[in-house]
Amino acid sequence: MPSVPVLDFGSQTAQLLVRRVRELGVYSELLPPDVDWATVQALQPCGIILSGAAASVYDPHAPALPAWLPASQLPVLGVCYGMQLQSHTQGGKVQPASEREFGPADITLTAAGVDSPLFADLPTTQRVWMSHGDRIEAIPPDYTALATTTNTPYAAMGNAARGWYGVQFHPEVIHTTHGRELLRNFLVQVCHCPTTWQPANFVAQAVQQVRERIGEQRVLCALSGGVDSAVAALIIHQAIGEQLTCVFVDNGLLRLNEAEQVIRTFRETLHIPLVAVDAREEFLAALDGITDPEQKRKIIGAKFIRIFEREANRLADQQGRIRFLAQGTLYPDVIESRAPDRAHGVTIKTHHNVGGLPADMQMELVEPLRYMFKDEVRAAGLALGLPEEWVWRHPFPGPGLAVRILGAVTWERLERLRRADAIFLDELRAASLYRSTQQAFAVLLPVQSVGVMGDGRTYADVLALRAITTEDYMTADWARLPNDFLARVSSRIVNEVAGINRVVYDISSKPPATIEWE
């Protein structure tokens, strides 16, 4: 299958480039910049994209252009750092900018830019998203300036004969108004790549890869109750059948009635072998007095692994050794945690199933969704027959309500948050707003405030509501829910959940905030 891989220099939006390429019908993977040519060649590349980075091309340990790329005769699109690196290695000049550009900017195409295949059928002035401290002061020989801004003399450049192009801005983010069209031009006009890839193609490929890796071995799948782990389980079950056993751990940190729903769906609807483990007391004991969110995530990640190992050993006594542990890890988890295969990435927060894993875990990981995005996983879930109510469930963090309770986690606070969260989600469904938001939840704050209920004074907890809209979960905006709706939710929570007397609504975007509070 032809592809356009993305070389990952460490940008937090590198995986968005992969996502956009796939959305445009061309397969893509995120590869390290030191990847060997044989690996790239196996993907049948018809072009290469160079991602952005937090580094400067002059940093001693800055990621370098792979030695095979100039001789490959493949078209290249450099984005931000990728453009600067291209310029730096091809005879141009990069220097720190007198004024850094972070945020929106307007580019103007040059005469050459208007005629360039990269900007075919695009307006001469466009709003783009910049994020750079260095800028190109001189482009390499045989390159032409394609666009400028008031602060950046070379906002885009190209060598048409060679098919090498660079843009200083980020076409992968939604804030660049014509970024999708620019990427399509690169894929179709420059790389001449067929646009035939679809997310459903992934299922057959993943099944085959799992079958080849697992062979006759047995797999234990960590089932959380979300769409990601459910789709991972279905793919693995299709690949190896009865060699798979799913284990669902009730850690006491789940949403209201979630444990019962998971057990019923897998045992009665999907007919996949499932072991349910009640570990509520274990997790609460391990979290006793812990308030730091990173420590919470690592404790929970390690506890999950130890329980899965324990269950694997117990099952091995009955059925033989279990060598593999399967998880529903997605791209955003890997990107934000700076997993070992993203050496230049920056840690945003440790995801319990990536950076939170203990180094001495006994089983090998199988992660069939590791380089998939949420919308692709949902498409795969529908293709595999997963019930729609599961496919469209909002994401739920692996550490569960532990990272939606700011401060210490206690059973009383968990029950309080569980009931408030259920009210919020029930009202969203009743108002037909659940599908128009991509994630919505309640957060219990470590703050108490004065209130009045009846004729008496109260001093009780503050609860925050969070609802976001997003395409990719790497950037997000707060959902503009109707005022009357928010008033109704607030009234119900204060009246029905003891211990809460104030409800606030989070209107932060990502960035600068994250979707979850911890």
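This is a short walk through two helix pairs and two buried residues in a predicted model.

Okay, housekeeping. Since the model is predicted, local features need pLDDT of at least 70 and side-chain atom pairs count only at pLDDT 80 or more, while totals for chains, interfaces and linings use all residues. Residues are numbered from 1 along each chain as its sequence is written, and side-chain values use heavy atoms, with hydrogens and water left out.

Let's start with helix α8, residues 227–240. Helices here are DSSP runs of H or I, at least four residues, numbered from the N terminus. Helix α7 (residues 201–214) packs on α8 at an angle of about 60 degrees, with the axes 8 Å apart. The axes are lines fitted to C-alpha atoms over the stretch in contact, and angles run from 0 to 180 degrees between N-to-C directions. So α7 and α8 are oblique to each other; that word covers whatever is not under 35 degrees (roughly parallel), over 145 (roughly antiparallel) or 65 to 115 (roughly perpendicular). Their crossing is right-handed, meaning the near helix is turned clockwise from the far one by less than a right angle. On the α7 side, the contact (heavy atoms within 4.5 Å) includes F202, V207 and I214, and on the α8 side I235, Q238 and I240 are among the residues. By class, that's ten nonpolar, one polar and one charged, where Ala, Val, Leu, Ile, Met, Phe, Trp, Tyr, Cys and Pro count as nonpolar, Asp, Glu, Lys and Arg as charged, and the others, Gly among them, as polar.

And the other partner? Helix α13, residues 374–383, crosses α8 at roughly 50 degrees, the axes coming within 10 Å. That crossing is left-handed. V227, D228 and V231 of α8 meet K374, V377, A380 and G381 of α13, which makes four nonpolar, one polar and two charged.

Now, two single residues. R418 sits in helix α15, residues 411–430. Buried or exposed? R418 is buried, because its relative accessibility is 8%; buried is under 20% relative accessible area, exposed over 50%, partly exposed in between, with a 1.4 Å probe and protein chains only. Its side chain makes a polar contact, at 2.8 Å, with the side chain of E415. For us that's a donor–acceptor pair of N or O atoms within 3.5 Å, and residues adjacent in sequence count only if both atoms are side-chain atoms. Beyond four places in sequence, R418 contacts L253, L401 and W411, among others.

Last one: V409, in the loop between α14 (388–391) and α15, is buried too, at 4%. Its C-alpha is 7.4 Å from that of L284, 125 residues away along the chain. V409 also touches residues including L253, I290 and K296.

Terms used: Helices (H or I, at least four residues) and strands (E, at least two) are DSSP runs, numbered from the N terminus.
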